[in-house]
Amino acid sequence: MIPYSFTVTSHFLVTLGLSFSIFIGITIVGFQRNGLHFLSFLLPAGVPLALAPFLVLIELISYCFRALSLGIRLFANMMAGHSLVKILSGFAWTMLCMNDLLFFIGDLGPLFIVLALTGLELGVAISQAYVSTILICIYLNDAIYLHQVSNFIYRPSTLICLFPSQ
């Protein structure tokens, strides 16, 4: 969001590299914490034996695509916002360079729109950082605690204490 700077997260390989390194780290933590029992993450308890091969394959694909989805989500949101601001900035600059009679409508209007979109882009960048952090924490929680309920996950008793009846 700094003018005349380079946006690293607008490149797919950078975001994909970040997400795959996090994916590998979470997998390593899962194996260190749980050993080979970490593979039980691929097969929920109580599954009929006939469905086990299909569920393991589906869960393995789902687990591997977590890294890809993190990278694509970050790349797409950053690239779309930056492209929109770049296109509209070029339009606003062209309008500002024109000498017309409708100065306030033709020149300042696109400039204010670009400033508003820059604020929106800053909000999107902050929300993407938040969403990525929350998803990484959820994935790490799943790798550490497997199928157990931990303190990180929502507990109904906590909500009852937070919102007492009147």
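Helices here are DSSP runs of H or I with at least four residues, numbered from the N terminus. By that rule, serine 83 of this predicted model lies in helix H2. The protein contains five helices and zero strands, and its elements follow the order α-α-α-α-α from the N terminus. This briefing concentrates on helix H1, its two helix partners and the segment before it.

**Overall composition**

- Of the 166 residues in the protein, 25% are buried.
- Contacts between residues at least 6 apart in sequence were also sorted by separation, and 71% of them join residues at least 24 apart.

**Helix H1**

- H1 comprises 23 residues and covers residues 12-34.
- The distance from the first C-alpha of H1 to its last is 32 Å, close to the 33 Å expected at 1.5 Å a residue.
- The buried residues of H1 are Thr15, Leu16, Ser19, Phe23, Ile26, Thr27, Gly30 and Asn34.
- Helices H2 (52-97) and H4 are included in what covers these buried residues.
- Glycine 35, just after H1, adopts a positive phi of about 70°.

**Packing of H1 against H2**

- The axes of H1 and H2 come within 8 Å and cross at roughly 145°, and the crossing is right-handed.
- The residues of this contact comprise 13 nonpolar, four polar and no charged.
- On the H1 side, the participants are Phe12, Thr15, Leu16, Ser19, Phe20, Phe23, Ile26 and Thr27.
- On the H2 side, they are Tyr63, Cys64, Ala67, Leu68, Leu70, Gly71, Ile72, Leu74 and Phe75.

**Packing of H1 against H4**

- H1 and H4 (residues 108-145) pack at an angle of about 25°, with axes 8 Å apart.
- Angles under 35 degrees count as roughly parallel, and H1 and H4 are therefore roughly parallel to each other.
- The crossing of H1 and H4 is right-handed.
- H1 contributes Ile22, Ile26, Val29, Gly30, Arg33 and Asn34 to this contact, where they meet Ile136, Tyr139, Leu140, Ala143, Ile144 and Tyr145 of H4.
- By type, the residues of the contact divide into nine nonpolar, two polar and one charged.
- Ile26 of H1 takes part in the contact with H2 and also in the contact with H4, and Ile26 is among the buried residues of H1.

**Helix H4**

- H4 has 38 residues, which at 1.5 Å a residue should span 56 Å; its end C-alpha atoms lie 55 Å apart, in agreement with that expectation.
- Leucine 146, just after H4, has a positive phi of about 55°.

**Threonine 9 and the segment before H1**

- Threonine 9 is located in the segment before H1.
- Its relative accessibility is 24%, so threonine 9 counts as partly exposed.
- Neighbours within four places in sequence aside, threonine 9 is in contact with Thr15, Leu74, Phe75 and Met78.
- Of these, Thr15 is a buried residue of H1, while Leu74 and Phe75 belong to the H2 side of the H1 contact.
- Threonine 9 and methionine 78 are separated by 69 residues in sequence, yet their C-alpha atoms are 6.6 Å apart.

**Serine 83 in H2**

- Serine 83 has a relative accessible area of 28% and is therefore partly exposed.
- Serine 83 and serine 10 are 73 residues apart along the chain, and their C-alpha atoms are separated by 9.4 Å.

Methods:
Residues numbered from 1 in each chain as written. Predicted model: local features only at pLDDT ≥ 70, side-chain atom pairs only at ≥ 80, totals over all residues. Heavy atoms only, no water. Axes fitted to C-alpha atoms, helices over the stretch in contact; angles between N-to-C directions. Parallel < 35°, antiparallel > 145°, perpendicular 65-115°, else oblique. Left-handed = near helix turned anticlockwise from the far one by under 90°. Contact = heavy atoms within 4.5 Å. Nonpolar A, V, L, I, M, F, W, Y, C, P; charged D, E, K, R; others polar. Expected span 1.5 Å × (residues − 1). Buried < 20%, exposed > 50% of the residue type's maximum accessible area, 1.4 Å probe, protein only.
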